[in-house]
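Please work through the following exercises with the sequence and the coordinates at hand. Each task is followed by a solution in steps.

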Amino acid sequence: MTDTSSSESSGSPDRRNSPLLSTGRRTQESGDGGSGDGAPNNGPADPTPSGSGGTTGEGVDRRIEKKLITPRRVVLATIALLAVAGLAYLVWTTATGGQALNVDREKITISAVERGPFQEFISVTATVRPERTVYLDAVEGGRVEELYVREGAMVEAGQPILRLSNNDLRLSVLNSEAQVAEQQSNMEQLKLQMEQQSLSLQQQLAQMEYQISRLSREFARQERLYGKNLISQEEYLNTKDELNYQQRRLDLTRSAYVQDSLAQQSRLANMRQTEQRLQRNYDVLRESMSNLRVTAPISGQLTALDAEIGQIINSGARLGQVDKVDSYKLRAQIDEFYIERVRRGQVATTQAIGGTEYAMEVTRVYPEVESGQFEVDLRFTENAPSNAVRRGQSIRLKLELGSPEEAILLSRGGFYQSTGGNWAFVLTEGGDEAVRREIRLGRQNPNHFEVQSGLQPGDRVVTSSYDTFGEADRLVLD
């Protein structure tokens, strides 16, 4: 037995070491996963002896094993796992109504949606001002000599408030008065001169008329004598020439008298106009002197007076003002966004003044825009609360921008800053939860939003701030 095995083993070395036998053995070992006796094979996969590897070329047919776990397979598996997890979370949140958040009911504000008149208005702050204010300006400059009243006093129209002095103005008045007197004196002298010249010319005319009358009689007498040849021709002609000369002289003197009278009258008229101008200048200066005494233009309260005795006041300087305090108006500053929507005649309502709200009307809209705001004046449409308001007091107003319209209303709240009016948490019928709902809001006033879609009267909405709700899709109210 021993010999036979040995012979077989030694007699077939070529068959043991052949490539075909080696490949078949490797295949059998790989398929069996172990040796013939059932023991695990922890050795190398290639059973070929090391002594024959270099001579037979069996290394070319060696099988390379692939790794099961690679970095690429890890990344792909992770992505797939996350996608499955996200899909599962989405399905779960959809089935359960979204991500829920427990909220204390006492810490939120819930408002009911209702139908009612929507009045678009804006809240503005107005300042109380007197219905009429008259400023005190120094028409003429000067030095303050006397103060008759103090700031805050009640004054009557025409009552003196202060007195100024101005020596330059006083000298101007005196000079103007002297010029008027001088011009009047010149006019009187001209009138006297004109009268004297008139008398002189009248005397000359009378003398000429007398000479002509005498010569006319003499000429008539000599003409009869000459006709009877009782006088010489030369004597006759001399008398005739003298008569013609005196008549021509009379005509020229009368013409000169008329022209001289016209010239004198024109000169007198010019002097009279000059005198009138000087008189007007004098009256203006006298009025300026009267302006040195500052008086109250209207009856009211002297609410400002910037003057002290001895102070030099320049011409045109603002001294103070007098307010008519029996009636008031309000002046409000409004954002320039509303400048096209504010008109005269619009109605406003004040906050409670002394427990009563007062209706007001826009009386004037100032077109100037400064620092992004423009101003309007409003008056009380009924008796003003004169005992409850004071000059400079601030009062809140609601200024209406249009007529009331029927609409679905939602109270204003902090939710608008978080959602922009695009969605809101609406309570379910049971009132234990609030779910997210898409809505659309329109116009707004300081109290309400106008609901255009997504809500109906009777719905209850969480209108407080959503800043602490995170990404919650529904609120569970405790």
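**Exercise 1. The second largest pocket**

Task: State how much space lies in the second largest pocket, and determine which residues and elements line it.

Solution.
Step 1. The second largest pocket holds about 180 Å³ of space. On a 1 Å grid over the protein atoms alone, a pocket is an open set of points where a 1.4 Å probe fits, with protein on both sides within 12 Å along at least five of seven lines; lining residues have an atom within 4 Å of a point. Grid points are joined across faces, edges and corners, and the volume is the space filled by probe spheres set on the points.
Step 2. The lining consists of 13 residues, of which R129, P130, T133, Y135 and K329 are the closest to the centre of the pocket.
Step 3. Two or more lining residues come from each of β4 (121-137) and β11 (318-335). Strand β4 provides the largest share, 8 residues. Strands (E, at least two residues) and helices (H or I, at least four) are DSSP runs numbered from the N terminus.
Step 4. Sorted by class, the lining contains 3 nonpolar, 4 polar and 6 charged residues. Here Ala, Val, Leu, Ile, Met, Phe, Trp, Tyr, Cys and Pro count as nonpolar, Asp, Glu, Lys and Arg as charged, and the others, Gly among them, as polar.

The model is predicted: local features need pLDDT of at least 70 and side-chain atom pairs count only at pLDDT 80 or more, while totals for chains, interfaces and linings use all residues. Residues are numbered from 1 along each chain as its sequence is written, and side-chain values use heavy atoms, with hydrogens and water left out.

**Exercise 2. The nonpolar cores**

Task: Identify which residues of the largest nonpolar core touch the most other members, and which elements supply the core.

Solution.
Step 1. A nonpolar core is a set of buried Ala, Val, Leu, Ile, Met, Phe, Trp, Tyr and Cys residues joined through side-chain atoms within 4.5 Å. Buried means under 20% relative accessible area, exposed over 50%, and partly exposed in between (1.4 Å probe, protein chains only).
Step 2. The largest core has 26 residues, and L136, I161, L162, L302 and L319 touch the most other members.
Step 3. At least two residues of this core are supplied by each of β4, β5 (142-147), β7 (160-165), α6 (167-227), α7, β9 (300-305) and β11.
Step 4. A second, separate core comprises 24 residues, including V103, A424, F425 and V461.
Step 5. With neighbours within four places in sequence set aside, the contacts (heavy atoms within 4.5 Å) of L319 are L136, D137, A138, L162, V294, A304, L305, D306 and I313.

**Exercise 3. An open sheet**

Task: Establish the strand order of the open sheet of 4 strands and find which strands lie at its edges.

Solution.
Step 1. The order is β8-β7-β5-β10, with antiparallel pairing. Two strands pair if DSSP finds at least two bridges between them.
Step 2. The edge strands, each pairing on one side only, are β8 (293-295) and β10 (312-313).
Step 3. Between β7 and β8 there are 3 bridges in the antiparallel sense. R163 has R293 in β8 as its bridge partner, and P160 stands opposite T295 in β8.
Step 4. Between β5 and β7 there are 4 antiparallel bridges; V144 stands opposite L164 in β7.

**Exercise 4. Two glutamines and two loop residues**

Task: Is Q246 buried or exposed, and which class applies to Q276, N229 and S371?

Solution.
Step 1. Q246 belongs to helix α7 (residues 233-291). Because its relative accessibility is 5%, Q246 counts as buried. Beyond its neighbours within four places in sequence, Q246 contacts Q211, I212 and L215.
Step 2. Q276 also lies in helix α7. Its relative accessible area is 38%, so Q276 is partly exposed. The C-alpha atoms of Q276 and V180 are separated by 8.3 Å, although these residues are 96 residues apart along the chain.
Step 3. N229 is located in the loop between α6 and α7. N229 counts as exposed because its relative accessibility is 68%. Its phi is near 60°, a positive value in a residue other than glycine.
Step 4. S371 occupies the loop between β13 (359-365) and β14 (373-380). With a relative accessible area of 78%, S371 is exposed, and its phi is near 55°, a positive value in a residue other than glycine.
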